[in-house]
Amino acid sequence: MEILVILGAPLAGAVLLASIGEREHAPEINVGVCLVTFVAAVALTVRVIGEGPLLVADKLFFVDSFNVFLIALTAFVGLTTSIFSRPYMRIEQELGHLTPARLRLYHSMYQLFNFTMLLALSTNNMGLLWVAMEAATLTTVLLISLYRTPASLEAAWKYFILCGVGIAQALFGTILLYFAAEKLLGAGGNALLWTELNNVKGDLEPTVLSLAFVFLLVGYGTKVGLVPLHNWLPDAHAEGPTPVSAVLSGLLLNVALYAVVRCKVLVEGSVHTSFARSLMMGFGLLSLVVASLLLLRQKDIKRLFAYSSIEHMGIITFAFGMGGPIASFAGLLHMTVHSLTKSAIFFTVGHATQKAGTQLMDGIRGLVTISPLIGWGLALGTLAILGMPPFGVFASEFLVLTTAIHEQPWATPLLLGGLAISFAAIFSRIQPMVFGETTVKRLPHRPAMIPVFVHLGIVLMLGLWIPPFLADWYRQAARLIG
C-alpha cells in the first residue's frame, strides 16, 4: 500500500500540476503532494524496519534496509525543496525570468522527477531501473532548460547528450546481465529481478558479469558525475533553477550511485575478486582529486558547489568501493549528510543570487548584513560540507579516512590532499561573500530558511549522536551491500 502511495502521489501530482501549475496556489499543491509522499515513505520505513524486506506486486517492487533509507531521504529532500521553491519561484516570476507556462512546466516536471527517482529506488527489475533513470534524464532536461536562455539550452543539450550516451552504456550492461542470468533463470522477466539475480549470483558467468559491470559503471557513473564523465554537471547546476540544483545534488546523484552499488553486489558474488572494488575506488579517487583542483578556478557560486558535489560523490564511491561494514556504513552516512547539507547550501545560494542579481562570487558580498539568516545559513552550510566538526560530514569522512589508512594506505595521501585543497578553495571564496561590505537590497518575499536550518540541524545531530534506530538501519544496509 505504501509503495502505491509513494509512486502514485507524485505521478498524480504531475498530471494535476500540468494543468494548473501556473495558478496562485500551485506551489502549495506541490508542497502538499510532497508531504503525502514523505508520510508514506516514513510509514514504509517503519514497516521495513519492523517486518524486514518487502516484495510487492508480484516481485516487481523490492524494499530492504538499503533502498528504504534512500526512499525516505529522497522524499524528505523533495519536500523541503518544494517548500524552498515557493518564494523562490515567485520571485523568479516577478523578476520576469519565468512565464506562467514555464512555471506550470516546472511544477509538473518537479513531481515527475520525484516519481522517476522513487521508481528507480523501489523497483526490483533492473530493466525498469534503467527505464526510470532514462525518464529522469528527460524530465531533468526540461527543468535545466526552464529559463530558455542560450546558456541554459546549451547546458540542457550537453546534459541530454552526455547522459544519453551514458545511459545507453548502462542499457548494454543490463542486456549482458540478462544474458548471463537467462541460462539459470530462463527467458522472461525473472532474469532481470534483482532478488532472483542475487540468489544465483554465485553461479553467474564471471566474465560476462565483469564486462556488464564496466558498462553499468560507466553508464550510471555518468549520472553520478564521476570524472571523466562529469562535464554535464557544473553547467546543469549553474544554468538551471536553484531548486533543480538542490535535487540534482541531493537526489539524482545518490540514485545513480545506488544503481551502481546494486550491480556491484551481484558482480562481487560472481567474480570473487577485487575487480569491481578497484574500479569504484579508482573512479572515486579520480573524481575527488580532479574536482578539488577544478574548485580553485571557479567564479560562479553554483558551479563551485557543483564541483563540490563531484568531490563528495567521489568520496562516497570510494567508500563503497572499499566495501566492508565500516566503509559501507561511512558511505551511507556520507550520502545522508551530503544530500542534506548540499541542498541546504543551494537553498541559501538561491536567495543570495536573487539578492545580488548575479551568480558571480565577486558580485555577492555582505550576506550576513543584509540577511543574517541567509548569511549564517551559507556560512554554517559551508563549514558543514567542508567537514568541520561537529557536523556529520566530519564523522563520515573520518570513518572513510581511518578505514583507508588500515585497508588502502596508498589512497590516504590522495584523500587528504583532495580534502585540503577543497577546504582552501571553498572557504577562501565564501568568507567575503558572507562577511564583506555590500549595498544589496532586500528581497520582495521573505526567504524560506526553515528547510536550511532543519537540514543543518539534522547534519549537526548526526555528527554528535546517531539515534540507535538509525545506526541499526545503517548497519543492516551496510551488511547487505558490504
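Visitor: In which helix is T341 found?

Guide: The structure is a predicted model, and in it T341 is found in helix α13.

Visitor: Is T341 buried or exposed, and how is that decided?

Guide: One reads the relative accessible area, and a value under 20% counts as buried. T341 has a relative accessible area of 0%, so it is buried.

Visitor: With which residues is T341 in contact, once its neighbours within four places in sequence are left aside?

Guide: T341 is in contact with G381, A384, I385, V393, L456 and V459. Two helices supply several of these partners: G381, A384 and I385 are among the buried residues of α15, and V393 is one of the buried residues of α16. As for A57, which lies 284 residues from T341 along the chain, the C-alpha atoms of the two are separated by 35 Å.

Visitor: How does one describe the way in which two helices pack?

Guide: Two packed helices are described by the angle between their axes and the distance between the axes. Helix α13, residues 324-356, offers a case with helix α19, residues 468-481: their axes come within 8 Å and cross at roughly 120°. That angle makes α13 oblique to α19. The crossing of the two is right-handed.

Visitor: Which residues make the contact of α13 and α19?

Guide: From α13 come P325, S328, F329, L332, L333 and T336, while α19 contributes A471, Y474, R475, A477, A478 and I481. Sorted by class, the residues of this contact are 9 nonpolar, 2 polar and 1 charged.

Visitor: At what angle do the axes of helix α3 and helix α10 cross?

Guide: Helix α3 (residues 65-94) and helix α10 (residues 242-271) have axes that come within 8 Å and cross at roughly 170°. Angles over 145 degrees count as roughly antiparallel, and α3 and α10 are therefore roughly antiparallel to each other. The crossing of α3 with α10 is left-handed. On the α3 side the contact includes F66, L70, V77, F84 and Y88, and on the α10 side it includes P243, V247, L251, Y258 and R262. By class, this contact has 13 nonpolar, 7 polar and 1 charged residues.

Visitor: Which residues does S270 touch, not counting those up to four places away in sequence?

Guide: S270 lies in helix α10. Its relative accessible area is 4%, so S270 is buried. The residues that S270 touches are K201, L204, E205, P206 and L209.

Visitor: How far apart are the end C-alpha atoms of helix α15, and what span should one expect?

Guide: The expected span rests on 1.5 Å a residue. Helix α15, residues 372-385, has 14 residues and should therefore span 20 Å; its end C-alpha atoms are 20 Å apart, which agrees. The same reasoning serves α16, where 16 residues should span 22 Å and the end C-alpha atoms are 23 Å apart, which agrees.

Visitor: What covers the buried residues of α15?

Guide: The buried residues of α15 are I374, G375, G377, L378, A379, G381, T382, A384 and I385. Their cover includes α12 (301-322), α13, α14 (367-370), α16 (392-407), α17 (412-435) and α18 (450-464). In α16, the buried residues include G392, E397, V400 and T403. What covers the buried residues of α16 includes α12, α13, α15, α17 and α18.

Visitor: What is the value of omega for the cis peptide bond that joins P389 and P390?

Guide: For the cis bond between P389 and P390, omega is about 10°. P390 has its place in the loop between α15 and α16. Another cis peptide bond joins V227 and P228, with omega about 5°. P228 is in the loop between α8 (206-224) and α9 (232-239).

Visitor: Is the phi of G387 positive or negative?

Guide: G387, which follows α15, has a positive phi, near 85°. A positive phi is also found in K59, a residue other than glycine, with a value near 70°. K59 is in the loop between β1 (54-56) and β2 (61-63). Its relative accessibility is 34%, so K59 counts as partly exposed. R148 is likewise not a glycine, and its phi is positive, about 60°. The place of R148 is the loop between α5 (126-144) and α6 (150-185). With a relative accessibility of 37%, R148 counts as partly exposed.

How values were computed
Residues are numbered from 1 along each chain as its sequence is written. This is a predicted model: local features need pLDDT of at least 70, side-chain atom pairs count only at pLDDT 80 or more; totals for chains, interfaces and linings use all residues. Side-chain values use heavy atoms; hydrogens and water are left out. Axes are lines fitted to C-alpha atoms, for helices over the stretch in contact, and angles run from 0 to 180 degrees between N-to-C directions. Helices (H or I, at least four residues) and strands (E, at least two) are DSSP runs, numbered from the N terminus. Angles under 35 degrees count as roughly parallel, over 145 as roughly antiparallel, 65 to 115 as roughly perpendicular and the rest as oblique. A crossing is left-handed if the near helix is turned anticlockwise from the far one by less than a right angle, and right-handed if clockwise. Contact means heavy atoms within 4.5 Å. Ala, Val, Leu, Ile, Met, Phe, Trp, Tyr, Cys and Pro count as nonpolar, Asp, Glu, Lys and Arg as charged, and the others, Gly among them, as polar. The expected span of a helix is 1.5 Å times one less than its number of residues. Buried means under 20% relative accessible area, exposed over 50%, partly exposed in between (1.4 Å probe, protein chains only).
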